[in-house]
Amino acid sequence: MHDLTALLQERIFRQYHERIVPARYRTLAPARVEAWEAPGEPVPFADAVAQDFAPFPPGAAWGRPWGTTWLRITGEVPADWPAGAPVELVVDLGFSASQPGFQAEGLYWDESGRILKGLEPRNTHLALTGGPGASFTVYVEAASNPDVAGPWHFQPTPLGDVETAPAEPIYRFQHAAVGLLDVAAFGLERDVWVLDGLARELPPSSPRRAGILRALERALDVLDPEDVPGTAAAARAELSGALAATNGSTGHRVAAVGHAHIDSAWLWPVRETRRKVARTWSNVLDLMAVYPDLVFAASSAVQYSWIKEDYPELFERLRAAIADGRFVPVGGMWVESDTNLPGGEAMARQFVAGKGFFLREFGIETDEVWLPDSFGYSGALPQIVAASNSSNFLTQKISWNETNRFPHHSFDWEGIDGTRVLTHFPPVDTYNSELTPAELARAERQHSERGVSDLSLVPFGFGDGGGGPTREMVEAAHRQGDLDGSPRVSVQRPDAFFAELRESLPHPPVWSGELYLEFHRGTYTSQARTKHGNRRAEHLLREAELWAATAAVRAGSAYPADELRRAWESVLLNQFHDILPGSSIAWVYRVAEREYAAVTQAAEQVIADALAALGAGAGAETQVAFNASPFPVAGVPALGAGAAARASGTATSDGDGFVLESAALRARIDGSGALVSLVDLATGREAIAPGARGNELQLFRDTPNKWDAWDIDRAYQRMPMEGIRATGVHLSGERIEAHYALGASTAVQRIGLAPDGRALEIETEVDWHERQKLLKLAFAFDVHADTAASEIQFGHIRRPTHQNTSWDVARFETVAHRWLRVDEPGFGVTLANDRVYGHDVSRIARDGGGTTTLVRESLLRAPLFPDPDADQGRHVFRHAISLGSLLDGVAEGYRVNLPLRRVPGAPVDPLVRVEGSDAIAIEAVKLAEDGSGDVVVRLYEVQGGRAIGRLIPGFDAGAAVRVDLLERPWPDQPADARELRLRPFELITVRIPRS
């Protein structure tokens, strides 16, 4: 036979789009529409429906950016329509071809104020229950959200903030109509969509492909294009054989899980996400009423809390669906957070807040950690997952790697302490699947564990901006349940999938260490104010809990549990993976900065009240310092208060520059403000490489290929910029002050000795007015470092400083928390900071042999999209360089982020302390979440070695218990929970009753 496949496929394409798709509705009857535009922020249903509505004809312009317009739609089902036929209201707000969730959306309400379902670009219908002649009244809460991304050209736009967006309408209303759904035509559309898609995935030589194409040809032959509804059944009969052909027993199997990855903020503010969740989840409940087999998984406890607060009636329906087992809470976290940037205790609190909410509200213990879209995953996460009593982990984002293909899809992920957690990385390479044959074929083709396991998970539903599964997707799942040539699809709960995965893959491959995303490296630095707000809030809440617990135990003060919970929930929300990383619109950061200010105020008040209860105040005769660090500082005990010693030091000018000297170190600063020498006086060892400099501000052109706020491309390294010059360096008291001009910006540095004389402190104040520039602070250290140690949650990770492999080359910008260390046997340098996360470390060959280790901290960026004014204005960075052991460096990181509080008062003994090991750090001290008054202590081993010690309560204590993050006893208890025998980086939580 002649091969006419190309012509046939053209015929199929045209007939499908021009004839079959439009025939879904046999006929349409117009409805009446009236509108009222809310003048400002969204209003409740009762307020909206009480307003005066005006006629709203098709073609009417509506909706300023971020506005809300309420529509009142009334009409009748035509009396001559057949009884029992499905009738739907169909509304087009002026939707574009852009993806759902990134443009106008709506929410259907009935006259009583009950939510019916969402109105989305690809889910526009609402089932009407009355028969022929019945009238109806429906309200639509229409949100005129702008498409901020547009065609993804990453150009500056004023649309990212209601305060800068133009006031003109951005949409034109198209229509509202009553439609008579033709079930046969809809079924035909789904049949053709599936079979045509499958044929396009099969090889040209496949008999199955040829058979499908012939069946489609016969179907089109019998289909009358002028009467699709009348001939749809005959066309479907021609396709029935192709759809009935089943698969073999060895093919790939797909667990399809309904899903809608709703970003808690991104190209829309949090206030809009609260409405997005209602639209999407009401869509799901509506769909479940039609398709009893649909299972939907949703993460982020905060989104459930929004529904409870904003839409209590919908929340009760949601609760019923959860009890039925079809709406499945997953994730166990407050939000789908970033995992690179949050501190250890904050990551723990994601699970305390998230799992705690699910247990309280639904009695459900979530077992899967669900983070499909975060920008890389910390090597500390497996242990935190296990400590929350969770067992499984799902992610998708590593498929975005731009250099190396990740080798596994189902594997054990081993963290820095040795904990392993079963992890699945869906080979479908999307968390927004539409269950297309192309997506299913990709999942089968890319599955790395084929031959050992034949199972993978596919999350399906419109996501990012919401929408969720549609009936088209569920129908596609049914047709591909057991279809020859396609992976077998079954709709499943995530826990059922992981249980089957464990059984089918008893010996999974192992990946050890972080899951580094070779992409979006700029998220370690963008939106520096938000990152500083996060770091400061984390440490203030640590202090607040410590001193409040101490005051409760020692002075009988009331523990402010509600205030602390609210503050933590605010911090946890802003750790969402598009807020803290810096990739959201300007509106999001305006709100985040306001919320960090509120957290700061609340935490400072808790601290002030606790310190007053502990005797601090104007009436005290002596001055003491409160030390919230787990390490002694200037003679003040860890977690206690006492007199602070101050080391003597000098700051002098010698004509060629300046010298800062204490008993521990000597630093020389040249006339340009650069650090040219840093000597450990105990050994005489020089830390700055010969002829090199430290404390050098460096400016680079920063123009990523795309994804402005997200990406730093390697090309920046080849584009250093001139123009940084010292405009004055002088001695100011005990510090050296250096002024710089850098482009359109200025900087002032203040360099001095730490109060204990053991570190060199550098404060860098920048008034930043650059665009698409990257500012780094560089140090050339005289250290031959094979690796750099970077603090992460509850430990640190060592990364190579060389570029031997493509994995090393791709890791050209990495993340660290409070400190970064480069060392060689016998000597090391630690660089601590109070707000920086991104950095790069490399080795440079030098004359005469050997290498210099170059450490550069990324201070500021200036991306233009999605926030065109990102990072503009004043910023203050604090660094401290110390030349001691790794343990000294850890302590310095805490000191910089938890400065002593000097107040009038009396010494306070620590509420708890560790005896026998300096390598066991107390990360958190608080009272128990259940209000019992028990003291809860979180500890970890900091050096990466074994540690033996004992936890000593400073109060009358009962028998201690080892507990999980939610403060529940572990089944296996040591004989004495206060005896500490920790493996490297081990994290434990101990609960101590007060006797």
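1. The largest pocket of this predicted model is lined by 28 residues, and those nearest its centre are Val21, Arg24, Pro121, Arg122 and Glu472. The space in this pocket amounts to about 880 Å³.

2. Several elements contribute to the lining of the largest pocket. At least two lining residues each come from helix 1 (5–20), strand 1 (25–30), strand 6 (87–92), helix 3 (183–201) and helix 12 (471–479). By class, the lining of this pocket comprises 12 nonpolar, 8 polar and 8 charged residues.

3. Enclosed space should be considered separately. The structure contains 7 cavities of 30 Å³ or more, and the largest cavity holds about 200 Å³ of space. Its lining consists of 18 residues, of which Gly343, Glu538, His539, Arg818 and Glu923 are the closest to the centre.

4. The origin of that lining can be traced to particular elements. Helix 9 (344–362), helix 14 (528–555) and strand 37 (787–792) each provide at least two residues of the lining of the largest cavity. Helix 14 has the largest share, with 4 residues. In terms of class, 7 residues of this lining are charged, 6 are nonpolar and 5 are polar.

5. The second largest cavity has a volume of about 70 Å³. Its lining is formed by His259, Ala260, His261, Ile262, Trp281, Ala298, Ser299, Ser300, Gln303 and Glu336. These divide into 4 nonpolar, 5 polar and 1 charged residues. Trp281 deserves attention on two counts: this residue lines the second largest cavity, and Trp281 is also among the residues with the most contacts inside the largest nonpolar core.

6. The largest nonpolar core comprises 218 residues, and the most contacts inside this core belong to Trp281, Tyr304, Phe327 and Phe626. Helix 16 (residues 586–613) gives the most to this core, namely 12 residues. Apart from this core lies another, of 47 residues, which includes Ile669, Leu775, Val783 and Ile881.

7. The surroundings of Phe626 may be inspected directly in the structure. Leaving aside residues up to four places away in sequence, Phe626 touches Trp547, Leu611, Leu614, Ala616, Gly640, Ala641, Leu900, Arg901, Val903 and Val908. Two of the partners, Trp547 and Leu611, can be placed in named elements: Trp547 falls within helix 14 (528–555), and Leu611 falls within helix 16 (residues 586–613).

8. Across the whole structure, a search finds 46 aromatic pairs. One of them joins Phe497 and Phe498 in an edge-to-face arrangement, with 5.2 Å centre to centre and 70° between the planes. Both residues of this pair, Phe497 and Phe498, are buried.

9. A further pair involves Phe794 and Tyr940. The ring centres of Phe794 and Tyr940 are 5.5 Å apart and the planes stand at 75°, so this pair is edge-to-face. The pair links distant parts of the chain: Phe794 lies in the loop between strand 37 and strand 38 (795–800), whereas Tyr940 belongs to strand 48 (residues 935–941), with the two positions 146 residues apart in numbering. Phe794 and Tyr940 are both buried.

10. Which residues form one aromatic cluster? The members are Phe102, Trp152, Phe154, Trp266, Trp268, Trp400, Phe519, Trp707, Trp710 and Phe865.

Note on methods
Residues are numbered from 1 along each chain as its sequence is written. This is a predicted model: local features need pLDDT of at least 70, side-chain atom pairs count only at pLDDT 80 or more; totals for chains, interfaces and linings use all residues. Side-chain values use heavy atoms; hydrogens and water are left out. On a 1 Å grid over the protein atoms alone, a cavity is a set of points where a 1.4 Å probe fits but cannot get out, and a pocket is an open set with protein on both sides within 12 Å along at least five of seven lines; lining residues have an atom within 4 Å of a point. Grid points are joined across faces, edges and corners, and a volume is the space filled by probe spheres set on the points. Ala, Val, Leu, Ile, Met, Phe, Trp, Tyr, Cys and Pro count as nonpolar, Asp, Glu, Lys and Arg as charged, and the others, Gly among them, as polar. A nonpolar core is a set of buried Ala, Val, Leu, Ile, Met, Phe, Trp, Tyr and Cys residues joined through side-chain atoms within 4.5 Å. Buried means under 20% relative accessible area, exposed over 50%, partly exposed in between (1.4 Å probe, protein chains only). Contact means heavy atoms within 4.5 Å. Rings of Phe, Tyr and Trp (its six-membered ring) pair if their centres lie within 6.5 Å; planes under 30 degrees apart count as stacked, over 60 as edge-to-face and the rest as tilted.
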